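Please open the structure in a viewer and keep the selection tool at hand. The tour proceeds from one selection to the next.

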Amino acid sequence: MLKKLLVLLILQVGGVFIFLSGFFPQKNVLAGNAAYEINTKLQENATPPFKKLVFVVIDALRSDFIFDEANSGFSFVHSKLNTGEAWGFTAYSNPPTVTLPRLKGITTGSTPNFLDAILNVAEDDSSSNIKDQDSWPMQFHNHGYKMRFFGDDTWLKLLPPTIFDEYEGTNSFFVSDFQQVDLNVTRHIPHQLKTKNEWDVLILHYLGLDHIGHKGGASSIFMPDKHKEMDGVIETLYKDMDKDTLMVVMGDHGMNDVGNHGGSSAGETSAGLVFLSKKLSKFAKPSLQKDTKLPMSLDDPSTYKYLTIIQQMDLVPTIAALFNVPVPRNSAGVLIPEFIQLLNTKVGDTKLLENYKQLLEVAKMQDIEGFLDEDRISKKVDQSKIIQTMKQIQQTIIRNATDYNYDNIFIGYGVLVLATIGSVVFGISVMGISVPLSITLGIAALIGFSCFGSSFVEEEHQLWWWIITISISSSYIISLISGRGQFWPHFIVFFGVRLIRGWNNTGQQTVYNYVISQQLQQEPAILWALNIWTVFVVCIRDFKGNPVSFISSFTLGMMVMTYKMSWAIVNKEGMPEYLLDITRKYCVIYTGFNDESVFDQALIPMATLFFRCFASITVIKFIATALKMQKSNTLMNDMTKYITLLLIFLSPSANIPQYLVFELMRYAITPIMKKQYSTSVYAVSLVSLVLQNFTFFQFGGTNSIATIDLANAYHGVSENYNIYLIGVMMAVANFAPAIYWAMFPWAIIYNRCDKKGTTFGKNKLPILIFSCVVGCCLLAACVALRYHLFIWSVFSPKLCYYAGWAIFMNVIMGYLVEGPLLMFN
Amino acid sequence: MSKKNKNVKKRVTFSDDTTISSHPTHKKKDSNYDRPPVYVRKTLTTVPFHLLGLLYYYVKISNNYETLMLLLTLIPMQIAYLVFQFNRSTIYGNKRLKVNIPLLFITAGGSVLLSVPAMIIIILFGAPFVEHLFQTWLLALHASFLAYPALYSVFNCDFKVGLWKKYFIAIMIGGWLSCVVIPLDWDRDWQVWPIPVVIGTYLGAFVGYSVAAYI
């Protein structure tokens, strides 16, 4: 049985990964740098309207942050927008709306690749750089502009640092810091202004605003101050600029109301973009800005459409034209029409035609035909008509951004279908055509079919909620019919899942204000009382007659609590006074420091100590069990406790009390499983499967890359971190509740069981069938809907989550962790 | 003594509790023993057509889905349905019973009371807890008054007949199934809480009252 299971599992995972390699191919790009092709002489000799460029990127600067009456603190920028020295736009940034792909878009003008969004997390990867791709910084460098760069080090990973005379990168990964990260950029400004004759281009990239968003959402209390700080930076720079200098202030992407980004909602894709220069006041303002007084308010603020809407990549040909360099080869941008008036008529027409020709080349590379060649356009240039055609070409290019490797797609899909048929046939032969098998297939079919609807993918948690309510109700009705009438256990479970459902905002469509986690954050006294109870309840779980387990779990538990409290204090979460004192004393003893930075200083050593203790307790436990120094059957029970403590360690503090609810539910479900279902392995496995998925979503997870929890992937690591360690921590942190419920069957089915192998196989079978069937539907949906508007923002992230779940939860947790534990048990 | 005994015999019990109905003395005298003591006739009369009419009013005629107005129209129509249709199709023992007028009002009060546990169940099933409480209560009232004829019969049988469970369950299943449209991104004005669930409970009740006699 185990052998067959393993073969099917390998087939499934193998199929999925072959499919992925075909579905996310590297994108086609035109190699080499662009040169002028039309009227070469005229273009080369033209004098550019601007000589100096100050390029300020404020990460996650959503359009309303800079234009809106209620949300914006950029009063200096508003005054300049009103005098006409500044022109404002809302720039549509193509999803995936995370920094690395967006910077690629801003510099090369190309449409981003979905893989870039994933690689944004695995920063060390070198395949994402654009050293071989044409971009405007490269063009500037080649045309003799001297450049300097300060800010997010993603730029230095994308571009060869040698093109900058002077640079310093700041690391974007300590998301909880939003002061120092910006001061590290701003402190360079006075010196740069003093030596402004030595540079032509100054690029600054501020991360603080994005960090505030991740931490506290779009309306965080830290936002207004940050706006003023950024406005002050812009003012300082602007006051020192002459009329030949152009300043660009922009967001690389926006954010949603929770402060996350990555998806394609209006808030995430609407970034602000402002051009400032004293020269601009001589020209006609963009038409929509003419009669508008800034800051403005929108009739429907949820559209985020302020002033003129452009594509963010339009910036690329515009900058190229304004500084007289060729348009980067892969750019899909269209010259912003308002800026053509800054060039003299002949140069303007030529630049437009050049842009047209370059766009056509990009289109031809993607086999897009049917647009007029540039030389067939009449010599008398009709600007608005050309721009209209260019916009059409741009739309087509964006739509066809990727090539698929159909061979791999079909081989992978074939292998997966094989695995699915195999697992279902195997399921029928082992389980028979029985109730558990039909429930497994029913759930799998429901989730599988839902993969074809983008809203159901976005709101998958609703489906799991639906399944849970019907399961508990029908289980109760069954207990009534069979005369046992277990009202209270069922009620406790129902009450527990309802509490968990109200704990966090999940899904991608609605945001409720009254979720429990937010209420708890405003009441730190209650939150931390609950947290302490949670750790206590976990530690105390069946400790009778097992003093070793009792002592070791309490040691770990204390460490978890002190660390989580210091972490919360460092992140300026609320903390009751008495705990603040205790934590301070503990940290002072621990580090020997006694000043404000003591909490900061204590974090890394405390986390390291916890990990070491966890590892050594695990090893000792294994050795003790192997040498039969411990009672048999305690290994899995004790490890469940230790792992739960590790999960608490990696969870956000407002989510920790959820484990208390989990424990409560566990105590209620166990007797139901024993009495009503006579400890059927399949029933336990199905309960575990449903709760794994349900709690994953209610912990704040979604099918969007925006909600990947990064803040908890960096515990106990300093600057020189190991990427694999971070990867493992990130997976554990994001799948934490699912891991808890994957461990739930252990205590029930493995205790005093004789046939370990068979029980293990029975536990894994429903999960494998479910995973295979859903995989078949999801992969089919991705292929069938590959030209769907949401393929990159909804279906592809779901595919990544599915692959991540298959690898981490099913293979690593299900076999590589559970297997050895069971063997030694 | 004999008079007293006579009285006892005249009393009709409608319970389907086996200890009472399978009482040996009872068995002999009841010629229709194969039939349950209380049942609903399989007839078209039980089909609550007025619910479809109300839904038509709710979805097509009323602007902006006036849930409260719908409730106010539902109550008299349910009473009329009970008096003229449902009660006439319900057989107690061997006969139809006349409508018990005071019980009509008591049941109406009972429905209002029932809306509280109904609301708790709705919240347990995932309705928002802090926001839209009034809307949720309206939904609970709708569900309770949809169950009004069944509730009347429950009272009429002194809580001893399990037959009426089906009607409550049908309404619940209708509401439960209808939730599925809420997450869809169609941006329709009827996707607002609790409109789809109100419609779902009506459809559930319609199906329930129509077919419960057959199952």
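The stops below concern a predicted model.

Begin with strand 6 of chain A, residues 245-250. Six of its six residues are buried, so this strand is largely enclosed by the rest of the structure. Display the side chains: T245(A), M247(A) and V249(A) point one way, while L246(A), V248(A) and M250(A) point the other way.

Next, add the strands that pair with strand 6 of chain A. Strand 1, residues 52-58, runs parallel to strand 6 and is joined to it by six bridges; within this pairing, V54(A) has M247(A) as its bridge partner. Strand 7, residues 270-276, runs antiparallel to strand 6, with four bridges between them. Here V249(A) is partnered by V274(A).

Follow the chain from strand 1 into the loop before helix 3 (63-67) of chain A and select A60(A). This residue is not glycine, yet its phi is positive, near 65°. A60(A) has 30 other C-beta atoms within 10 Å and is therefore buried.

For a second positive phi, select Y65(B), where the value is near 50°. Y65(B) lies in the loop between helix 4 (49-61) and helix 5 (67-89) of chain B. With 16 C-beta neighbours inside 10 Å, Y65(B) is partly exposed.

Two cis peptide bonds come next. One runs from L294(A) to P295(A), with omega near -5°; the other joins W193(B) and P194(B), with omega about 0°. P194(B) sits in the loop between helix 9 (165-178) and helix 10 (195-211) of chain B.

Finally, select the contact between the chains, to which chain A gives 15 residues and chain B twelve. On the chain B side, nine are nonpolar, one is polar and two are charged.

Conventions:
Residues are numbered from 1 along each chain as its sequence is written. Chains are lettered from A and ligands numbered from 1 in the order in which they are written. This is a predicted model: local features need pLDDT of at least 70, side-chain atom pairs count only at pLDDT 80 or more; totals for chains, interfaces and linings use all residues. Two residues are in contact if their C-beta atoms, placed from the backbone, lie within 7 Å. Ala, Val, Leu, Ile, Met, Phe, Trp, Tyr, Cys and Pro count as nonpolar, Asp, Glu, Lys and Arg as charged, and the others, Gly among them, as polar. A residue is buried if 20 or more other C-beta atoms lie within 10 Å of its own, exposed if 12 or fewer, and partly exposed in between; C-beta atoms are placed from the backbone. Helices (H or I, at least four residues) and strands (E, at least two) are DSSP runs, numbered from the N terminus. Two strands pair if DSSP finds at least two bridges between them.
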